[in-house]
Amino acid sequence: MNTDRYWILMPLLFGLLAPAVVPAQTQAPVHPLDALKMQEYWTVYEVLQASGRMDKDTYYATVLLHEPAKDKVLAWKAGDPVPREADAILIRKGQAIEARVDIAGRKLESWKEPKGVHAPIIDSEFKELGELVKKDPRVVEALAKRGIKDLTTVECVPLPFGYFAIPELDGHRIMYGGCADQRGAYLPWGRSIEGLLVKVDAVEKKVLEVTDEGPVPVPSSRVNFEEAFSIPRPGTTPLAVTQPLGPGFQLTGSEVAWQNWHFRFRLDPRVGPVINLVRFDDGTNLRSILYEGSLSELFVPYMDPAVGWATRVFIDAGEFFHGGVLRPLREGADCPANAAYFDALVADEHGIPVWRSRQACLYEFSSGAPAWRHFEKEEVWARPSRTLVLRAAAVIGNYDYLLDWRFEQDGSIHVAVGATGIIETKGVKAKNAGDHAMSGASDTSEAAPDEFGQFVAENTIGVNHDHFFSFRLDLDVDGQNNSFVAHRLKQKQLPASTHRKTIWVPEHLTARTERDAMMDIHLERPAMWIFENPSVRGPLGYPTGYEIMPGQTAASLLDPEDGPQRVGAFSTHQLWVTPYRADEFYAAGVYPTASKGDDGLAAWTKANRPIENTDIVAWYTLGFHHMPRAEDWPVMPLMWHEFVIRPFHFFPQNPVLTLPKEP
Ligand SMILES: [Cu+2]
């Protein structure tokens, strides 16, 4: 946590009000769900070194906390020994290795070499294979044909690709490479070299194939966004966010207490913020709502059949999280002035912990909107509201995703993804839409104008694509055993005596198995998705519950048998419900790289397991189709999508009724 400000202020004025601040990553863990600490990364390193199984060809793809069993965590009390284990995914000459280390016992618990899976790509593969591609005579020749003889400014990048059901790829770690010429810019985006595709064997370190469909000039449109001439907007006057008495939340290690909310969080290298043990103090009890919530996976398929584009079907978290998906937040831009910042650690490819500053921020926020209001009889009744926001930024290549967990005073949690960063673009010969749209390289010349993307600058097409995010939400409403109930709203015919023809009424469907709970959104067939505890009833006789309320979202339009869609199959439904399993964390499986889709939500739920009145996990898919526009270039304005987890008969009445008139 970046706490300089508080250290300065504390002794002066706000000693009692400032959060308890500790340099969290260097201390011993105090809770089983704490992020791995500095010494723990070193213990993993030393145990693996001492095992005699490591060699110069063995690299770390990741080191992650291995969460203790849920029942152990729930039974754990402060002062008990803290169980600590870590999972390392290693890679040796293309072979993925799973090593589990008992940190407290300082011993290697298991070493597995799973067959038929690929570890995520690691930094040295990017660098080494990129250089290999650049040196290949066929690539040098293809670049020369394009007038590019000085390769200093050229960057080639090999990328893993989705499953394409091509038998010769089986058992090989194959990646597809492309190049960009950064000349005249400080980033390579918008400068792609089209019509050139390189197939690389990442283990043999060999360029297998170079496909050259002929030159397309590299676009020269303006891409240097930071150099954009800044024009002060008239009427911009100072707007201050201050919290003169310090933050209203309390921090004890990784535990956050804010108003009635209590929760823990850690910053996980693979999925970003992981929220745990979310409870709400109703004045009498600390009531359980969510055992764990986090992003689980991302799927970003592009929609262009051209050479070098059809292969872009990224499973972004599981393939590209090496070194951690999170990147620093920038004070003064990413979070308001009253935010506290948190640092984190990740392992590099040698297993050595790397310190990362400002990986998340936490702050209170007032939108200026009321918690509730009513006007009548010349009187306005209202209460001011505020929100607690936990924010992090996942950056995967060109895209930046802000990940927000917003805790509201009314017992709801808004989970939001803010997409910004740089869209992926394709260079084309045509200057603009008036010229001829997709007359670029490859087999798209016959395409209808704008079929695969839109011009965002001269000679530059923003290629159509999707973004799908799977959120794993282990809801424990008033305890572990919950049921999922879909309240489907159905038309009901009325007798003529009512002077109405129809109304809607709910039909309550308790899901018995996983298949019953695969929910798709249709405006004409609406449903409310409620997770309730059949054993706990509120004063009105209803089971206590929490609802997942979808926001604007999308479903995949790809054929379910399309190879990449088999891997990103979580995007088929907007909601899935599974029974809790300690090893089911990732919606596209542990190893999505070149996966055939035999791990993950779609694979698990084939068993159609029982989910009624048991410990269940919800998986919500937040998605959007992205047809780029001029306004998305050269950097995208931030765009939010969200969904809401809100109480449904969890409280006996409006939980913000008791808010004071003054905050
Ligand atoms: Cu996009």
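This section describes the domain layout, two sets of paired strands and the nonpolar core of a predicted model.

The chain divides into three domains. Domain 1 spans residues 19-112, domain 2 spans 123-218 and domain 3 spans 251-648. The centres of domain 2 and domain 3, taken over C-alpha atoms, are separated by 33 Å. These two domains are in contact, with 24 residues contributed by domain 2 and 30 residues by domain 3. On the domain 2 side, three elements give two or more residues each: α4 (123-135), β6 (174-181) and β7 (192-201). Strand β7 gives the most, with five residues. By residue class, the domain 2 side comprises 13 nonpolar, eight polar and three charged residues.

Strands β6 and β7 also belong to an open sheet of four strands. The order is β5-β6-β7-β8, and the pairing is antiparallel. Strands β5 (154-159) and β8 (206-212) are the edges. Each has a single partner strand, so one side of each lacks a neighbour in the sheet. From one strand to the next, the twist averages 25 degrees. The antiparallel pairing of β7 with β8 extends over six bridges. Here D201 stands opposite K206 of β8.

Two helices accompany this sheet. Helix α4 lies across β5, β6, β7 and β8. Its direction is at about 120 degrees to β5. Helix α5 (residues 137-145) packs on the sheet as well, touching β5, β7 and β8. The direction of α5 makes about 25 degrees with that of β8. Helix α4 thus has two roles in this description: α4 lies across the four strands, and α4 gives residues to the side of domain 2 that touches domain 3.

A second set of pairings involves β21, β22 and β33. Strand β21 (residues 399-408) pairs with strand β22 (residues 413-421) in the antiparallel sense, over nine bridges. Within this pair, D400 stands opposite T420 of β22. The two strands form a hairpin, with four residues between them. In the turn, G411 has a positive phi of about 90 degrees. Strand β22 is also joined to strand β33 (residues 636-648), by eight bridges. This pairing is antiparallel too. The bridge partner of H414 in β33 is V644.

Strand β29 (residues 527-537) contains I530. With 24 other C-beta atoms within 10 Å, I530 is buried, because the threshold for burial is 20 or more. Leaving aside neighbours within four places in sequence, I530 is in contact with V485, H487, G545, E547 and F648. I530 and I645 are 115 residues apart along the chain. Their C-alpha atoms are separated by 9.6 Å.

Nonpolar side chains tend to be buried together in soluble globular proteins. In this model, the largest nonpolar core has 165 residues. Those with the most contacts inside the core are V44, A88, L575, A618 and W619. A618 illustrates the pattern of contacts. Leaving aside neighbours within four places in sequence, A618 is in contact with L473, L475, F531, I548, L575 and V577. One of these partners, L575, is itself listed among the residues with the most contacts inside the core.

How values were computed:
Residues are numbered from 1 along each chain as its sequence is written. This is a predicted model: local features need pLDDT of at least 70, side-chain atom pairs count only at pLDDT 80 or more; totals for chains, interfaces and linings use all residues. Domain bounds come from an automatic or database domain assignment. Two residues are in contact if their C-beta atoms, placed from the backbone, lie within 7 Å. Ala, Val, Leu, Ile, Met, Phe, Trp, Tyr, Cys and Pro count as nonpolar, Asp, Glu, Lys and Arg as charged, and the others, Gly among them, as polar. A residue is buried if 20 or more other C-beta atoms lie within 10 Å of its own, exposed if 12 or fewer, and partly exposed in between; C-beta atoms are placed from the backbone. A nonpolar core is a set of buried Ala, Val, Leu, Ile, Met, Phe, Trp, Tyr and Cys residues joined through C-beta atoms within 7 Å. Two strands pair if DSSP finds at least two bridges between them. Axes are lines fitted to C-alpha atoms, for helices over the stretch in contact, and angles run from 0 to 180 degrees between N-to-C directions.
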